[in-house]
Structures are given as structure tokens and as C-alpha cells.
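Q: Hi, could you walk me through this one? I'd like to go residue by residue and jump around a bit.

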Amino acid sequence: MQTRKASFFEANANSIIGLAISYLFTLFCLPWFGLHPNPVDAGGITLCYFFLSTGRSFVIRRVFNAREI
């Protein structure tokens with residue numbers, strides 16, 4: 001069973017890796033869809049997704065640990 005602290009650190013590690021991928025996607029791939037964010041806007045969009053992802057990963061991890069699946 002994983003502790004809350006370990007769950008938090010794992011969720012953050014996963015989200016930080018996703019942060020880099022999301023930033024690059026936002027900056028370079030959104031123009032394919034007609035959206036042209038500048039680097040600061042891309043950073044803001046990416047941070048929003050970062051916090052959502054971290055929270056989601058933490059909650060899911062805790063639910064699965066509570067159920068001991």
C-alpha cells in the first residue's frame with residue numbers, strides 16, 4: 001500500500017513529465033487547429049492542465065489504494 005506522501009510525489013512526477021509534453025504540444029501543435037498561443041499563453045494553458053492532472057492522478061491513486069485492487 002502506498003502512503004499519501006508517496007502518492008503525491010508519484011502524481012507530481014507524472015505531471016511534471018506531462019508538463020513538458022503539454023507545453024510543447026500547446027506551443028507547436030495548436031496552430032494546426034487555428035490557435036496561435038504565444039509562449040506565455042502556452043505556459044498558462046499548460047499550468048492549468050498541470051494542476052488538473054496532478055489532482056486527478058492523486059485522487060485516482062488514493063481510490064485504488066483504498067480499494068486495494
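Q: Let's start with T26: buried or exposed?
A: Happy to help, and keep in mind that this is a predicted model. T26 counts as buried, because its relative accessibility is 4% and the cut-off for buried is under 20%.

Q: Where does T26 sit?
A: T26 belongs to helix α1.

Q: And which residues is T26 in contact with, leaving aside its neighbours within four places in sequence?
A: With those neighbours set aside, T26 touches P31, P37, A42, I45 and T46.

Q: Okay, on to S7. Which helix is that in?
A: S7 is also in helix α1, and that helix covers residues 4–29.

Q: Is S7 buried or exposed?
A: S7 is buried, because its relative accessible area is 1% and anything under 20% falls in that class.

Q: What does the side chain of S7 make a polar contact with?
A: Its partner is the side chain of R62, at 3.0 Å.

Q: Which other contacts does S7 have, beyond neighbours within four places in sequence?
A: R62 turns up in that list too, together with Q2, F58, R61 and N65.

Q: Switching to aromatics. How many aromatic pairs does a search of the whole structure find?
A: The search gives 2 aromatic pairs. In one of them, the ring centres of F8 and F9 are 5.9 Å apart and the planes meet at 70°, so this pair is edge-to-face. F50 and F51 form an edge-to-face pair as well, with 5.2 Å from centre to centre and 70° between the planes.

Q: Why edge-to-face for F8 and F9?
A: The planes of those two rings are at 70°, and an angle over 60 degrees counts as edge-to-face.

Q: Now F50 itself: buried or exposed?
A: F50 is buried, with a relative accessible area of 14%. Its pair partner F51 is exposed, at 57%, because the cut-off for exposed is over 50%.

Q: Where is F50 placed, and which residues does it contact outside its neighbours within four places in sequence?
A: F50 lies in helix α2, which takes in residues 39–67. Outside that window, F50 is in contact with N12, S15, I16 and L19.

Q: What separates the C-alpha atoms of F50 and F8?
A: They are 14 Å from each other in space, and 42 residues apart along the chain.

Q: What about F8 and V63, how many residues apart in sequence are they?
A: F8 and V63 are 55 residues apart in sequence, and their C-alpha atoms are 13 Å apart in space.

Q: What's the relative accessible area of F8, and which helix holds it?
A: F8 is in helix α1. Its relative accessible area is 43%, so F8 is partly exposed.

Q: Changing topic: which residues make a nonpolar surface patch?
A: F25, W32, F33 and L35 make one, and the patch is about 530 Å². Of these, F25 is found in helix α1 and is partly exposed, with a relative accessible area of 39%.

Q: Last one, N14. Where is N14 found, and what is its relative accessible area?
A: N14 is in helix α1 too, and it is partly exposed at 46%.

Q: And how many residues apart along the chain are N14 and M1?
A: N14 and M1 are 13 residues apart along the chain, with 19 Å between their C-alpha atoms.

Conventions
Residues are numbered from 1 along each chain as its sequence is written. This is a predicted model: local features need pLDDT of at least 70, side-chain atom pairs count only at pLDDT 80 or more; totals for chains, interfaces and linings use all residues. Side-chain values use heavy atoms; hydrogens and water are left out. Helices (H or I, at least four residues) and strands (E, at least two) are DSSP runs, numbered from the N terminus. Buried means under 20% relative accessible area, exposed over 50%, partly exposed in between (1.4 Å probe, protein chains only). A polar contact is a pair of N or O atoms within 3.5 Å; within protein, one must be able to donate a hydrogen and the other to accept it, and residues adjacent in sequence count only if both atoms are side-chain atoms. Contact means heavy atoms within 4.5 Å. Patches are made of residues with over 30% relative accessible area and no salt bridge: like charges are joined within 9 Å, nonpolar side chains (Val, Leu, Ile, Met, Phe, Trp, Tyr) within 5 Å. Accessible areas come from the Shrake-Rupley method with a 1.4 Å probe; for residues, only the protein chains shown count as cover. A salt bridge is a side-chain nitrogen of Lys or Arg within 4 Å of a carboxyl oxygen of Asp or Glu. Rings of Phe, Tyr and Trp (its six-membered ring) pair if their centres lie within 6.5 Å; planes under 30 degrees apart count as stacked, over 60 as edge-to-face and the rest as tilted.
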